[in-house]
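Biologist: Please show the structure, and let us then examine how its descriptive terms are justified.

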Amino acid sequence: MRKNKKKIFSGLCCAIVLIIFTTSLNSKDNEQRIKEELESPQLKIPLKEALGEEKYKKEINSGKYYYVGNSKCRLCHREFFIGRKKDKHDFAFKRLVETGYETNPKCLVCHTTGFGVPTGFKSIEETPRLANVQCEGCHGPGSLHIKIARKTKKGGGFLASPNDPITQKKMCNACHTERWNRSYHKNDLDKVYKLYKNPDPRKRKDNKNKQ
Ligand code: HEC
Ligand code: HEC
Ligand code: HEC
Ligand code: HEC
């Protein structure tokens, strides 16, 4: 009996040491990734990366596309908001606040919605409603979609639409670069991608690629 208790105790100690070790390894690794990012050239805006320079310029200059923020999407897509707080994209800005980089353009480009696009995120004071990677962070600015949906009760009007998986996936990979590759590895994108069809993040269970 005593021996057993001892075993359990030492096993527990091992586990705790291991947990402390891996978390400190993880945060050290983050420091390294952040340092490398800061030393690298400023990344392209994800929407520009996904559409290509020419199409991006043409569409954005048309004035039809601007960012509206999640509160507008909620009006018609309530089911996507029930478990929203379990999607890490909704905490992306918090990561920058925690590390003290919440005004650095090199970080904002991937941790906010539309940073660098004229109607996108600017700063937490000016555009608080576009912090984090919101709906429009993946699907692109939603103004035209809302106009169409109101008129026709149908979808459409996105620059990065799930109905155009090639562009939509380019959008994912624009932020999930080689350096920031923990959420999924390049070849696993197809598996992760499909999970996002489910409006409730809590039900995206078979996501085995979580960090
Ligand atoms: C006036 C209602 C309305 C608003 C507001 C609205 N949508 Fe939609 N949305 C629809 C309808 C209707 C469809 C088509 C049926 C469906 O897929 O649910 C749709 C479809 C979609 C689709 C599927 C792709 C497509 O084009 O069919 C996406 C993605 C989407 N909406 C995202 C958004 C986002 C992001 C916002 C906020 C910027 C938003 N919607 C705001 C009504 C709306
Ligand atoms: C190219 C897009 C991109 C850029 C640029 C970027 N990040 Fe991230 N960041 C991500 C992604 C994606 C994740 C999710 C973790 C992963 O997939 O590796 C992440 C995760 C993080 C995390 C959490 C890591 C963890 O332990 O879960 C921190 C902290 C962070 N980023 C800080 C920063 C800072 C600070 C900068 C600027 C120096 C920055 N990021 C620039 C895409 C980016
Ligand atoms: C991390 C990126 C990402 C974010 C953030 C995101 N989506 Fe999506 N969304 C996707 C992907 C990927 C698909 C396509 C999945 C598929 O068709 O297999 C999709 C599909 C959809 C669809 C179509 C679902 C269907 O049945 O075909 C709608 C509607 C939608 N998203 C609305 C939203 C709304 C509203 C938000 C904000 C609460 C949001 N999305 C946030 C990536 C995202
Ligand atoms: C604008 C940049 C951006 C885009 C576009 C983007 N992501 Fe992310 N993604 C992030 C960041 C940043 C995080 C980490 C947030 C955190 O840890 O706080 C993340 C986290 C994730 C995670 C981990 C989520 C979790 O809850 O554990 C997955 C999976 C993921 N992204 C998949 C995708 C897919 C699939 C797409 C495309 C449909 C996509 N992302 C588009 C920036 C982006």
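Modeller: α7 and α10 (189–195) each supply at least two residues of the shell around ligand 3. Helices here are DSSP runs (H or I, at least four residues; strands are E, at least two), numbered from the N terminus. This is a predicted model, in which local features need pLDDT of at least 70 and side-chain atom pairs count only at pLDDT 80 or more, whereas totals for chains, interfaces and linings use all residues. Residues are numbered from 1 along each chain as its sequence is written, and chains are lettered from A and ligands numbered from 1 in the order in which they are written.

Biologist: Which element gives the largest share of the shell around ligand 3?

Modeller: The largest share, 4 residues, comes from α7.

Biologist: What makes a residue near a molecule, and which residues come nearest to ligand 3?

Modeller: A residue is near if its C-beta atom, placed from the backbone, lies within 6 Å of the molecule. Of the 17 residues around ligand 3, Cys135, Cys138, Pro162, Tyr196 and Lys197 come nearest.

Biologist: Which elements give two or more residues to the shell around ligand 1?

Modeller: They are α4 (70–74), α7 (135–139) and α8 (143–152); α8 gives the most, with 4 residues.

Biologist: Why is glutamate 79 called exposed?

Modeller: A residue is exposed if 12 or fewer other C-beta atoms lie within 10 Å of its own, buried if 20 or more do, and partly exposed in between, with C-beta atoms placed from the backbone. Glutamate 79 has 10 other C-beta atoms within 10 Å, and is therefore exposed. Glutamate 79 is found in the loop between α4 and α5 (92–99).
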